[in-house]
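Here is a short report on one protein chain. Look over the sequence and the structure first, then read on.

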Amino acid sequence: MAGTAPFAKMNGIGNEIIVADMRGRADQVTAVAALALNADAATRFDQIMAIHDARTAGTAYYVDILNSDGSSAQACGNGMRCVVQALAAESGQKTFTFETRAGILNAREHADGTISVDMGTPRFGWQDIPLAEEFHDTSRIELQIGPIDAPVLHSPSAVSMGNPHAIFWVDRDVWSYELERFGPLLENHPIFPERANITIAQVTSPESMIVRTWERGAGLTKACGSAACASVVAAARTRRTGRGVNLLTPGGGTLHVEWRDDDHVILTGAAEWEFSGSFNPSTGAWARDTESAA
């Protein structure tokens, strides 16, 4: 396809990702292209990770991130792992420094194939998340779904991992909550001026939890890396867990998150290649590579 860019359809423990190679080009992946790709069952995705030439000295690449609704995202930990796997397979390089809208991210592929991404430092100030009104303590904000005297979900922890997150703590199975119904309402609640990622989290031990996330701009996902990081940070902050936690995600995979003493949050997990192809960054028209698996 003339004028097209290569892409790889991948997933990060179920988080559906398109890694688009935009190196050497001046154009961008448009919202029109994102919507067209997401409308096709074969290329449906949660995020597009568009790799561009570096813009800042000391970084290897700039990564632009788009949600499935065509909107921009600041961070995507599962997507970054897919980017690292794709670049490591191409070059043999194991460590990378990227620039994103959320800032500079460092990542490494390990000998066992898992990939760690330094997701940076969390932010808790209400202006930094951001929230529309002042909260002195964002570990528990006033927000609920359901009757005032018997809310279904209430008092989430709010945190920014480069993008805004609200984590609702529950004691029973995360699947027993209608997140597909509550998610859009909470994502677009007026308290979140930039919308928010909404997570239901069940702590199962000081070192483990189960999470389910409605992603801002993408909807229900099988995994969300930044939400996993936000959940562990919020759990440790509220003394529900320690600072190193394994998270079971709806995709059936496990992520490990460590909130280090230097305040950086490290996300570790796997990434999986599905197929490759080429696409038009303006329209989303695409074709599968002939050597790709069916």
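Which residue in the turn of the hairpin formed by β16 and β17 has a positive phi? G252 does, with a phi of about 90 degrees. The hairpin has 5 residues between its two strands. Note before going further that the model is predicted.

**Three strands**

Strand β16 covers residues 244-248, and its pairing with β17 is antiparallel, over 5 bridges. In this pairing V245 stands opposite V257 of β17. Strand β17, residues 254-259, also pairs with β18, residues 265-269, again in the antiparallel sense but over 4 bridges. Here the bridge partner of V257 is L267 in β18. V257 therefore has V245 of β16 as one partner and L267 of β18 as another. The hairpin of β17 and β18 has 5 residues between the strands, and D263 takes a positive phi near 80 degrees there.

The two faces of β17 can be told apart by covering. L255, V257 and W259 make up the covered face, while T254, H256 and E258 make up the uncovered one.

**Helix α4**

Helix α4 holds 13 residues, numbered 225-237. How far apart are its end C-alpha atoms? They are 18 Å apart, which agrees with the span of 18 Å expected at 1.5 Å a residue. Of the 13 residues in the helix, 12 are buried. Among them are G225, A228, S231 and A235. After the helix comes R239, whose phi is positive, near 60 degrees.

S231 lies in α4. Its relative accessibility is 0%, so S231 counts as buried. Leaving aside residues up to four places away in sequence, S231 touches I167, W169, T199, M209, V211 and L247.

**A buried loop residue**

I13 sits in the loop between β1 (5-12) and β2 (15-21). Is I13 buried or exposed? Its relative accessible area is 13%, which is under the 20% cut-off, so I13 is buried. I13 and K222 are 209 residues apart along the chain, yet their C-alpha atoms are separated by 7.5 Å. With residues up to four places away in sequence not counted, the residues that I13 touches include K222, A223, T249 and A270. T254 and L255, both of β17, are also touched by I13.

**Cavities**

Rolling a probe the size of a water molecule over the atoms shows where empty space is left. The count here comes to 2 cavities of 30 Å³ or more. The table gives the volume and the lining classes of each.

| Cavity | Volume | Lining by class |
|---|---|---|
| Largest | about 70 Å³ | 4 nonpolar, 6 polar and 2 charged residues |
| Second largest | about 40 Å³ | 6 nonpolar, 2 polar and 1 charged residues |

The lining of the largest cavity includes Q47, N67, N163, E215 and R216. G225 and S226, which are buried residues of α4, belong to this lining as well.

The second largest cavity is lined by V211, R212, T213, A223, C224, A228, T249, P250 and L255. Which strand gives the largest share of this lining? Strand β14, residues 208-215, does, with 3 residues. Several residues in this lining have appeared above. A228 is a buried residue of α4, L255 is on the covered face of β17, and V211 is one of the residues that S231 touches. C224 is in the lining of the second largest cavity and also in that of the largest cavity.

Terms used
Residues are numbered from 1 along each chain as its sequence is written. This is a predicted model: local features need pLDDT of at least 70, side-chain atom pairs count only at pLDDT 80 or more; totals for chains, interfaces and linings use all residues. Side-chain values use heavy atoms; hydrogens and water are left out. On a 1 Å grid over the protein atoms alone, a cavity is a set of points where a 1.4 Å probe fits but cannot get out, and a pocket is an open set with protein on both sides within 12 Å along at least five of seven lines; lining residues have an atom within 4 Å of a point. Grid points are joined across faces, edges and corners, and a volume is the space filled by probe spheres set on the points. Ala, Val, Leu, Ile, Met, Phe, Trp, Tyr, Cys and Pro count as nonpolar, Asp, Glu, Lys and Arg as charged, and the others, Gly among them, as polar. The expected span of a helix is 1.5 Å times one less than its number of residues. Buried means under 20% relative accessible area, exposed over 50%, partly exposed in between (1.4 Å probe, protein chains only). Two strands pair if DSSP finds at least two bridges between them. Contact means heavy atoms within 4.5 Å.
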